[in-house]
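User: I've got a new model open and want a quick tour of the packing. Can you walk me through it?

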Amino acid sequence: MKIGTKIEIGSNVRNIDRIDCGLGAPVRVIANIGVTFETDSIDKELDKAKRAFEAGADIVTDHSVAGDIESIHKRLLSAFRCPISTVSIYEAYVNAKLKNKGYFDPDNAIKTFEKQASEGFDLITLHATILKEDLPRIAHSKRIIPIASRGGTMMADLMIENNIENPYWTYFEDILEIAKKYRTSLSLGTAFRPASILDLPDFLYKVEIKRMGALVKKALKNNVGIMVEGIGHARLDYIPRMVKEAKRITYGVPYRVLCVACDSALYRDHIASAIASAVAVAAGADVISAVTRSEHVRRPTINDVIEAVETAKIAAHCGDIVRRGNLQIDKEISIRRNKTTCLARGAPTLLQRPKELVKDYTCTMCGPYCALRIMRKIKKVESKIAV
């Protein structure tokens, strides 16, 4: 079994710009959109996707759980030539609740997944590693928040209501055949990521990672692109060991993180996420989620999404400096600052310069006491100073 892998994301249904992810590839940023209520505007969510890609997102995931989800998917997939993903259980769960009065069987899950793959989704998240045997453990968990994954709770609810085992787990070989047919990559969603920094890796978390390893092994044998998701809320000192353990158990496939470094950053979770994500990337994470400031409190605005993507790109780059020694852009900016001013005109930047700085503009931070100007004056006279 090959340790350390890279996958190419891009189905064979749509003509898109495929991207590499994993070993040797740049860190990828995923942004999220989606309709939550019947009254939500699909056009607004599509605009969020557009602005997210413009801000630098590599993948956009649809999290719609209301309205005509099939129509939303069709419009989203036809609007962009960039990778689009979805969470399979969301559509399956909504259909079970609204159309089938809660009835759900394994065939529903497999058919929904195949429909999504045939529509052209490039990456599909599956919550395959929460099982019936976990339900009593959840009920008696000592965690402050036993489970906060929406996909995980949806699957748990369907298993309880219909007395079934998780179909993604039971029929994973069938899913692999479908994924191979449409060249769809899989993302193993984590149901048991900690929802509080006090709920750090316990039995539920550890058993799920081992199950993910078993599914990854099957996917690799079948040449199906796959990544695994993880972390959640975690203290900074725990994050490196969580990343390394997950990579070891899951054969080094791309590791995707949605993480924050504290529970108390409500309304500013993009900052807590950037800090945690940079540490995760430095430790080996390959994909990070663009967490918005409104992650735990409300649906994000367009500006929230743009800010989240830009913040995530900075976090990814900070981690990549450690991970891959990616120093070129920072070197060019420093050289330019040394020759000119802190504006570093002419040098590439990680993000687009704000519009107000594009035209003729002079740095006003230090005024007449600019350290760079004084430094250049010192350099001119240093040869005259006796040592």
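User: Let's start with Tyr251. Is Tyr251 buried or exposed?

Analyst: Buried, as its relative accessible area is 18% and the cut-off for buried is under 20%. Keep in mind that this is a predicted model.

User: Where does Tyr251 sit?

Analyst: In the loop between H10 and S9. Tyr251 comes just after H10.

User: What is its phi?

Analyst: Tyr251 has a positive phi of about 60 degrees, although it is not a glycine. Most residues other than glycine have a negative phi.

User: What about Lys101, what phi does that one take?

Analyst: Positive as well, about 55 degrees, and Lys101 is not a glycine either. Lys101 lies in the loop between helix H3 (88–98) and H4. At 84% relative accessibility, Lys101 is exposed.

User: Back to H10. Which of its residues are buried?

Analyst: Ile239, Met242, Val243, Ala246, Lys247 and Ile249. The helix covers residues 239–249.

User: What do they pack against?

Analyst: Two helices and two strands: helix H9 (203–221), helix H11 (269–283), strand S8 (226–233) and strand S9 (255–260).

User: Now the largest nonpolar core. How many residues are in it, and which touch the most other members?

Analyst: The largest core has 95 residues. Ile89, Ile130, Leu186, Ile231, Tyr255 and Ile288 touch the most other members. Helix H12 (residues 302–324) gives the most to this core, with eight residues.

User: Take Ile231. Which residues does it touch, skipping those up to four places away in sequence?

Analyst: Among them are Ile239, Met242 and Val243, which are also on the buried list for H10. Ile231 also touches Arg193, Pro194, Tyr205, Tyr255, Val257, Leu258, Cys259 and Ala280.

User: What is in the second core?

Analyst: That one is separate and has nine residues, including Ile19, Ile59, Leu123 and Met227.

User: Cys259 came up there. How many disulfides does the structure hold?

Analyst: Zero. The sulfur of Cys259 is 12 Å from the closest cysteine sulfur, in Cys262, so it is too far for a bond. Cys259 is buried, with a relative accessible area of 1%.

User: And Cys366, why is there no bond for that one?

Analyst: The closest cysteine sulfur, in Cys370, is 5.7 Å from the sulfur of Cys366, which is too far for a bond. A disulfide needs the sulfurs within 2.5 Å. Cys366 is partly exposed, at 39% relative accessibility.

User: Switching to rings. How many aromatic pairs are there?

Analyst: One aromatic pair. It is Phe53 with Phe80: the ring centres are 5.3 Å apart and the planes sit at 55 degrees, so the pair is tilted.

User: What does that pair tie together?

Analyst: Phe53 is in helix H1 (residues 42–55), while Phe80 is in the loop between helix H2 (69–79) and strand S5 (84–87), so the pair ties together parts that are 27 residues apart in sequence. Phe53 and Phe80 are both buried.

User: Which arginines lie over tyrosine rings?

Analyst: Arg150 lies over the face of Tyr90, at 4.5 Å from the ring centre. Arg241 has its charged end over the ring of Tyr238, 4.5 Å from the centre.

User: What touches Ile84, leaving out residues up to four places away?

Analyst: Phe53 from the aromatic pair is one of its contacts. Ile84 also touches Arg14, Val60, Leu76, Leu77, Phe121, Asp122 and Leu123. Ile84 is in strand S5 and is buried, with a relative accessible area of 0%.

User: Any polar side chains inside? Where is Arg28, and is it buried or exposed?

Analyst: Arg28 is in strand S3 (residues 28–33). Arg28 is buried, with a relative accessible area of 12%. A polar atom of its side chain lies 2.8 Å from the backbone oxygen of Asp20. Arg28 also contacts other residues, including Ile19, Asp58 and Asp286.

User: Last one, Thr112. Which backbone oxygen lies 2.8 Å from its side chain?

Analyst: The one of Asn108, with a polar atom of the Thr112 side chain. Thr112 is in helix H4 (residues 106–119) and is buried, at 11% relative accessible area. Beyond four places in sequence, Thr112 contacts Ser88, Glu91 and Ala92.

Technical notes
Residues numbered from 1 in each chain as written. Predicted model: local features only at pLDDT ≥ 70, side-chain atom pairs only at ≥ 80, totals over all residues. Heavy atoms only, no water. Phe/Tyr/Trp six-rings, centres within 6.5 Å; stacked < 30°, edge-to-face > 60°. Helix = DSSP H or I, 4+ residues; strand = E, 2+ residues; numbered from the N terminus. Buried < 20%, exposed > 50% of the residue type's maximum accessible area, 1.4 Å probe, protein only. Lys NZ or Arg CZ within 6 Å of the ring centre and 35° of its normal. Contact = heavy atoms within 4.5 Å. Core = buried A, V, L, I, M, F, W, Y, C linked by side-chain atoms within 4.5 Å. Polar contact = N/O pair within 3.5 Å; in protein donor to acceptor, adjacent residues only side chain to side chain.
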